[in-house]
Amino acid sequence: MRLAVPLENLIDQLIKLPTIGPKTAQRLALYILKLPEEESRQLAEAIITAREKVFPCSACGYLTDVDPCSICRDEKRDGSILCVAEEASDIIAIERTGFRGRYFVLNKDFHLMGDNRLEDLNLKPFVNKLASGEIKEVVLALNPDIDGEVMARFLTGIARQHDVKISRLAHGLPVGGDIEFADEITLRKALEGRKEL
Ligand SMILES: [Zn+2]
């Protein structure tokens, strides 16, 4: 049995999304086809608009539609503590713990075994923040895996050139796990028990 070509195309696009297998892609595609036309149009437009309007904040790397982002513009935040994370999704998780410092998002998956090179990271905004003298502590909120370890050492080397305390989220986070998926309590504890490096 052959599927209609446009339906097949839709399934092919959905299958590219993380955690979506062939069966789920097919179910979602059929679901989308059953939506009222207006709703399917809104879905398509939401994807295009988000793609066009959302970009990393030039100061911190968090995803935003205004530059600098709302976190950077929030004057009530503690500018003396800077939390460094790999992805914007980690920031969303850390915000839920009640942390109200500032952030720097690397926006890059780093894989030791891939072709990623630490030198390719855009660390200029990070270095500028350190050079401003406002920051007293850098908290490395990197995933507790081997890539996170390598990244932590690299960033520690850079931060040490400035007069700042450097800490890393405490263990308690599952080794090999993902900060993004850590529950709020584990993550809050990890933040509170951060270790100075
Ligand atoms: Zn920002």
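This passage describes the overall build of a predicted model, then one of its strands and the nonpolar core.

The chain contains 8 helices and 7 strands. Its C-alpha trace extends over about 65 × 35 × 35 Å along the principal axes. Of the 197 residues in the chain, 26% are buried. When contacts between residues at least 6 apart in sequence are considered, 55% of them link residues at least 24 apart. The domain assignment divides the chain into domain 1, covering residues 5-53, and domain 2, covering residues 56-196. A distance of 32 Å separates the C-alpha centres of domain 1 and domain 2.

Strand E5 spans residues 137-141, and 4 of its 5 residues are buried. A residue counts as buried when 20 or more other C-beta atoms lie within 10 Å of its own C-beta atom. Strand E5 is therefore largely enclosed by the rest of the structure. Two strands pair with E5. Strand E3 (residues 81-85) and E5 are joined in the parallel sense by 5 bridges, and in this pairing Leu82 stands opposite Val138 of E5. Strand E6 (residues 165-168) also pairs with E5 in the parallel sense, over 4 bridges. Here Val138 has Ile166 of E6 as its bridge partner. Val138 thus has a place in both pairings, opposite Leu82 and as bridge partner of Ile166. The strands E5 and E6, with helix H7 (residues 146-159), form a right-handed β-α-β unit.

The largest nonpolar core comprises 37 residues. Within this core, the residues with the most contacts are Cys83, Val84, Ala85, Val105 and Ala141. At least two core residues come from each of E3, helix H5 (88-95), strand E4 (102-105), helix H6 (124-131), E5, H7 and helix H8 (184-192). The most is given by E3, which supplies 5 residues.

The surroundings of Val84 can be described residue by residue. With neighbours within four places in sequence left aside, Val84 is in contact with Phe104, Val138, Val139, Leu140, Ala141 and Leu155. Among these contacts is Val138, the residue of E5 that stands opposite Leu82. Another contact of Val84 is Ala141, and both Val84 and Ala141 belong to the group with the most contacts inside the core.

Note on methods:
Residues numbered from 1 in each chain as written. Predicted model: local features only at pLDDT ≥ 70, side-chain atom pairs only at ≥ 80, totals over all residues. Buried ≥ 20, exposed ≤ 12 C-beta atoms within 10 Å, placed from the backbone. Contact = placed C-beta atoms within 7 Å. Pairing = 2+ DSSP bridges. Right-handed = clockwise from strand over helix to strand, strands pointing away. Domains from an automatic or database assignment. Core = buried A, V, L, I, M, F, W, Y, C linked by C-beta atoms within 7 Å.
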